[in-house]
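Here's a quick tour of the internal spaces in this structure, with a stop at one residue along the way. Have the model open and follow along.

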Amino acid sequence: MATKRSTSSSSSSKSSRGAAKLPVGKEDVLAWYEDMLLIRRFEEKAGQLYGMGLIAGFCHLYIGQEAVVVGVQGALEEGDQVITGYRDHGHMLAAGMTANGVMAELTGREGGYSKGKGGSMHMFSREKQFFGGHGIVGAQVALGTGLAFADQYKENKKVCATYFGDGAANQGQVYESFNMAKLWNLPVIYIIENNQYAMGTSVKRASSEVELYKRGISFGIPGEAVDGMNVIAVYEAAKKAVEHARSGKGPYILEMKTYRYRGHSMSDPAKYRTRDEVNEYRDHKDPIDQARKLIVEHKFADEDALKEIDKKIKDIVSKSADFAQESPEPDPSELYTDVLIETDA
Amino acid sequence: MTIEVLMPALSPTMEEGTLAKWTVKPGDAVKSGDVIAEIETDKATMEVEAVEEGTVGKLLVEEGAEGVKVNAPIAILLEEGEDESALEGAGSGGGKAKADDAEESDDDSGEDDAPETKASDVSAGAVESESKRQMHTRPAASDPEVPEGTDMVSTTVRDALRDAMAEEMRRDDTVFVMGEEVAEYQGAYKVTRGLLDEFGPKRVVDTPITEHGFAGVGVGAAFGGLRPVVEFMTFNFAMQAIDHLINSAAKTLYMSGGQMGCPIVFRGPNGAASRVGAQHSHDYSSWYANVPGLKVIAPYDSADAKGLLKAAIRDPNPVIFLEHELIYGESFDVPDVDDWVLPIGKAKVRREGSDVTITAHSRMVGFALEAAEKLAEEGIEAEVIDLRTLRPLDTETIIESVKKTNRLVCAEEGWGRMGVGAEISAVVTAEAFDYLDAPPARVHQKDVPLPYAANLEKLSLPGVEDIIAAAKAVCYAE
């Protein structure tokens, strides 16, 4: 029970042409397609701006993994929190943060979510309940568990979606957090984005147990492996996990089997895997292509309407790139602000 | 409009590279994500992917070309509906829009004519004085007046700390206490005694032995709107958790542009205990006081312990509250007033004197006062300053004192290298150099891990005699 694969029970995974019963309607599918496309195009643009020297430092692109955040976000409700590591641009866009604000943070400008003081790995939006953006591998797992602790304390019926990668899954504090989360039945969903490489080290080379969804067994936390390239499968699994957590039954682990097309960061040539492996995902499992196929099969939109969406997304992204270059650098006086919250004393 | 493909920077430091290989030729259709070329830098070979859809119109750089500058156009893509005629005029600056701006403001900034890059390049001197202002805030407030006739209640430091937590928990129901053995066991050092009975297990939370984890959970709960008081059984064990204290609690407000306040108190005994060896006897004062984004408090007596812990719990920032096991059981007067809260960042002159200033915090304050009494018998009047808060440091009070005494001894329990005394000596030397009649002296633990053997432990830790010796030395007395 604790280790059931959602793919075997999911109706959406049966690809009977045109007739597959979907757990959601046209609006959701189209909205998710749009969200995934926004993330894809945004990240491609970020890569381009990085190449032009407008974005600096570490920049980790989310291309290939779009279905994970979009599907999970679809299962959350307003007020639920989201927290993740440093590959965070997709999570922010999915949480409803603006492309302008995120891109301007990438370029280190005043108009960025952290006024240019955080950068790619450190962005936040209290308004959208997005709690970062954390640069220390695994730190967000304890922090997300703490956000869930606050939810339970305040009895607000909210849950915290806590994302981390296959690399972070080997950090000690992850298991300290699992233990407390189950001990106290905190409303937290742990989403392991297993993109198969922790920087350059494959899961096989780093993990004694490669089925990461089993990592909660000794704590009594149920876990499931999910096809993370399929937004519908992600949504269905997330919905179940969110209901579990919200109903007071405690934490839930979802291992999203996914793949990043680009290197770990911009300066990673990704020589630890073959081009064929990347192409296999890109050509046959791409989350956006899959969603597009679904839309066409179910006649949710025709080619013209899809082109319209492409155009709209391209426009948003292109405007965000303009904004990110036009927004000024932070004023030098910002150097000393936000170190501490001012008090009377 | 044709699209220029520019030579990309593949790392934060790359300025130029070799175009090793083209994997497309004019006429090829490409879509976003397709590999179009391979580039070599001094570190690696990387593939360049197309970011736009189109048809390759023209390759502007030959295969094998070395020293291709970042951002130089390397190819031209034709958009849907365009043919080769669109190439005319392109490649020499026709089709670029945003790339231009980038080159001008980023690449040529060596010439220093771009005002925006200059703007962030504040002169070192300005930064230094600003940072002084930042680190050593001048505290506006001073201790509240104790009305005449107020009862003074003799209280142990231990109970004063407990009273502070209990009062703040009554006042604000988002305040809760978590840590190892804080609830049912009533506290490893009994500091949380009675809290479980009054507030119940929801607000007095026993954690597993899992410092890294519960420090992170505490910070997350603070981000989520609660006011955690996290007890470390000792700060020695907080070393497992220090990543969350610094990277998560102290830095996130800044990195979020002011959005992510973290109202949390980390408290527990710090420094030497008695015969527990090196791993259980470490004084972390200077470690935490080094970090912007934290407030660091190290009180001595019961009134300060209570008043400053209440202030720490109310403070919207992360506070490191360093207690001392060896003074938990000592009793001092606490004014019996309704709400005893003291200002953070304000030192206290514990004894006035004209000949030498002695700074100390936590347990060393007691030693400094004892030393001062003995020095007085020999005709040397020492002024003893209890720092109380290490960050922000009340440099004003210290400097005012040194201007009067012209001599300085800095006493601390921890190691001296890069220590609290080193910082105070530097500040006083910089800001009151002309008033000093002797180089500042430092009293601290010997530069070794704390030994277990009774005689060696005694030799290692600083005490009254060390302070007396240092005070005499700066007074050039026998």
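How many cavities of 30 Å³ or more does a search of the whole structure find? It turns up three. Bear in mind that this is a predicted model.

Let's look at the top two by volume. Here they are side by side:

| Cavity | Volume | Lining by class |
|---|---|---|
| Largest cavity | about 60 Å³ | three nonpolar, five polar and four charged residues |
| Second largest cavity | about 50 Å³ | four nonpolar, four polar and one charged residue |

Start with the largest cavity. Its walls come from chain B, with Asn270(B), Asp283(B), Ser285(B), Ala298(B), Leu322(B), Glu323(B) and His324(B) among the lining residues. His361(B), Ser362(B), Arg363(B), Met364(B) and Glu413(B) line the largest cavity too. Where does that put it? The largest cavity lies between domain 2 (152-335) and domain 3 (348-474) of chain B, because both domains give residues to its lining.

Now the second largest cavity. Its lining includes Ala278(B), Ser281(B), His282(B) and Asp283(B), and also takes in Gly414(B), Trp415(B), Gln445(B), Pro449(B) and Leu450(B). Domain 2 (152-335) and domain 3 (348-474) of chain B each supply at least three residues to this lining. Keep an eye on Asp283(B), which lines the largest cavity and also the second largest cavity.

Next stop, Leu387(B). You'll find Leu387(B) in the loop between strand E19 (382-386) and strand E20 (389-391) of chain B. Is Leu387(B) buried or exposed? Its relative accessibility is 1%, and the cut-off for buried is under 20%, so Leu387(B) counts as buried.

What does Leu387(B) touch, leaving aside residues up to four places away in sequence? The list has Lys346(B), Ala347(B), Thr359(B), Ala360(B) and His361(B), and goes on to Leu393(B), Ile398(B), Val420(B) and Ile424(B). One of these, His361(B), also turns up in the lining of the largest cavity. As for Lys348(B), it sits 39 residues from Leu387(B) along the chain, with 6.5 Å between the two C-alpha atoms.

Finally, zoom out to chain B as a whole. The chain has 15 helices and 22 strands, and 55% of its 478 residues count as buried. Take the contacts in chain B with a separation of 6 or more: 76% of them are between residues 24 or more positions apart. On the outside, chain B exposes about 19,800 Å², with carbon and sulfur atoms supplying 49% of that area.

Note on methods. Residues are numbered from 1 along each chain as its sequence is written. Chains are lettered from A and ligands numbered from 1 in the order in which they are written. This is a predicted model: local features need pLDDT of at least 70, side-chain atom pairs count only at pLDDT 80 or more; totals for chains, interfaces and linings use all residues. Side-chain values use heavy atoms; hydrogens and water are left out. On a 1 Å grid over the protein atoms alone, a cavity is a set of points where a 1.4 Å probe fits but cannot get out, and a pocket is an open set with protein on both sides within 12 Å along at least five of seven lines; lining residues have an atom within 4 Å of a point. Grid points are joined across faces, edges and corners, and a volume is the space filled by probe spheres set on the points. Ala, Val, Leu, Ile, Met, Phe, Trp, Tyr, Cys and Pro count as nonpolar, Asp, Glu, Lys and Arg as charged, and the others, Gly among them, as polar. Domain bounds come from an automatic or database domain assignment. Helices (H or I, at least four residues) and strands (E, at least two) are DSSP runs, numbered from the N terminus. Buried means under 20% relative accessible area, exposed over 50%, partly exposed in between (1.4 Å probe, protein chains only). Contact means heavy atoms within 4.5 Å. Accessible areas come from the Shrake-Rupley method with a 1.4 Å probe; for residues, only the protein chains shown count as cover.
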